[in-house]
Amino acid sequence: MTTLNISNIRTQFPALTRTVNGQPAIYFDGPGGTQVSNSVIDAMTEFMRRGGANLAPFFAAGAETIATAQAAREAMRDLLNAKRADEIAFGQNMTSLTFSLSRALSKTWQAGDEIILTRIDHDANVSPWLLAAEERGVTVRWLDFHPHDCTLKLESLAELLNERTRLLAITYASNAVGSISDVNQAVRIAHAAGVKVFIDAVHYAPHGQIDVQESDCDFLACSVYKFFGPHTGVLYGKYELLDELDAFKVRPAPALPPGKWETGTQSFESLAGVTAAVNYLASLGEGETRRAQLVAAMDKIKRYEMELSEQFLRESTTVVGLKVYGITDVERLDERTPTFAISLEGISPSELAARLGAEGIFVYAGHYYAVEVMRRLDLLESGGLVRIGFVHYNTSAEITRLIQTLENIREE
Ligand SMILES: Cc1ncc(COP(=O)(O)O)c(C=O)c1O
């Protein structure tokens, strides 16, 4: 198998030519949103330049819009390995889609039922369910994580399940500390107890392959702006479930999936970008089908990102006072994404992020909506942590510059 040609990849991302005070900017804020390739920009502008329309079969532009939406569904079907394209619904973002699904799903719950949420999840996979549970008189049980390496206590899942449990909402990977959950195992345990599983794959999607048929999850959501595309959310659901649940929709909207889950008019230019983003990823892999190319591409991305993680973890030990949260063992890199929450002694997270920003190194600070993670680590009140996240267009040289800059800041 070939490896990624990173310099070629970088030429496809115009944003990577940005400079700050004469120095190349370094985008280490991938977990907050990634940059897009020329092919994505072109697809979106082409849609608008040609003249889009609403979903109207009566004339050329409308028919093209229908085809644009269908192509995006097929693309996401390949990325997630869904059985059918109509198991894919689009929406404003993952948060909106999750609120919408939580309202529909919770209509099937009874007072006294239970759901399981995790302490490692982004709040978009917590609050919608908390609010729904409160409304329906449903009890929330929490799956904790190990504070020392920030991995989920999946071994405790079985104890939380009982005959009243209706749902497990779990993240594929933490947007704060990068830990990957064994979602296949989680689904097996939950399904054995007759419990539905909703997976938040927003953070995981740019880092590894997803296979909803293999995991057998009932629902999964992701967001295209986290994997090199535009700001659009994606909801996958098993067709029978999307079909039987009562979606909150306007009366004239389609009665069947996926239309019944898509509120109002979609961002069709974004859907053109969704297909281009998936095709960009597929272009990094080889294979007979787009799915095969995507699997190969995500495998290469994962291996390359593990190299970046190893370099970061090894070099970060040279910076006195630097603490990395989550998995730091270089033998366990396949259990984490290259997303690192760090602290540097003597400087607050927001100050450190601003100092790095001034040097052209873009990182985020705070809780990044992973409120439960920061609370569990007792860092919520003190301003959280600095988050440094790599994606496949980042380089070893950028990490070296990061470490050097951290060293300089510490010395000051
Ligand atoms: C893990 C995770 N879940 C959910 C979300 C929310 O996604 P969206 O912005 O599409 O609502 C984010 C956004 O940062 C995230 O990182």
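Start by selecting Arg-375, which is partly exposed, with a relative accessible area of 47%. You're looking at a predicted model, by the way.

Now add Glu-372 to the selection. Its side chain meets that of Arg-375 in a salt bridge, 3.1 Å from N to O. Both sit in helix H13 (residues 371–376), and because they are 3 residues apart, about one helical turn separates them. Glu-372 itself counts as buried, at 8% relative accessibility.

Next stop: Asp-78 and Arg-290. Show both side chains and you'll find another salt bridge, with the closest N and O atoms 2.8 Å apart. Asp-78 belongs to helix H3 (residues 60–80) and Arg-290 to helix H11 (residues 290–316), so this pair ties together parts that are 212 residues apart in sequence. Check how accessible each partner is: Asp-78 is buried, with a relative accessible area of 18%, while Arg-290 is partly exposed at 22%.

Then jump to Arg-332 and Asp-149. They form a salt bridge too, and here the closest N and O atoms are 3.2 Å apart. This one links distant parts of the chain, 183 residues apart: Arg-332 is in the loop between strands E13 (322–324) and E14 (339–344), and Asp-149 is in the loop between strands E7 (145–146) and E8 (151–152). Arg-332 is partly exposed, with a relative accessible area of 22%, whereas Asp-149 is buried at 8%.

For the last selection, pick three residues together: Asp-113, Arg-164 and Arg-166, which are linked in a network of salt bridges.

Want to keep exploring? How many salt bridges does a search of the whole structure find? It finds 24.

Methods
Residues are numbered from 1 along each chain as its sequence is written. This is a predicted model: local features need pLDDT of at least 70, side-chain atom pairs count only at pLDDT 80 or more; totals for chains, interfaces and linings use all residues. Side-chain values use heavy atoms; hydrogens and water are left out. A salt bridge is a side-chain nitrogen of Lys or Arg within 4 Å of a carboxyl oxygen of Asp or Glu. Helices (H or I, at least four residues) and strands (E, at least two) are DSSP runs, numbered from the N terminus. Buried means under 20% relative accessible area, exposed over 50%, partly exposed in between (1.4 Å probe, protein chains only).
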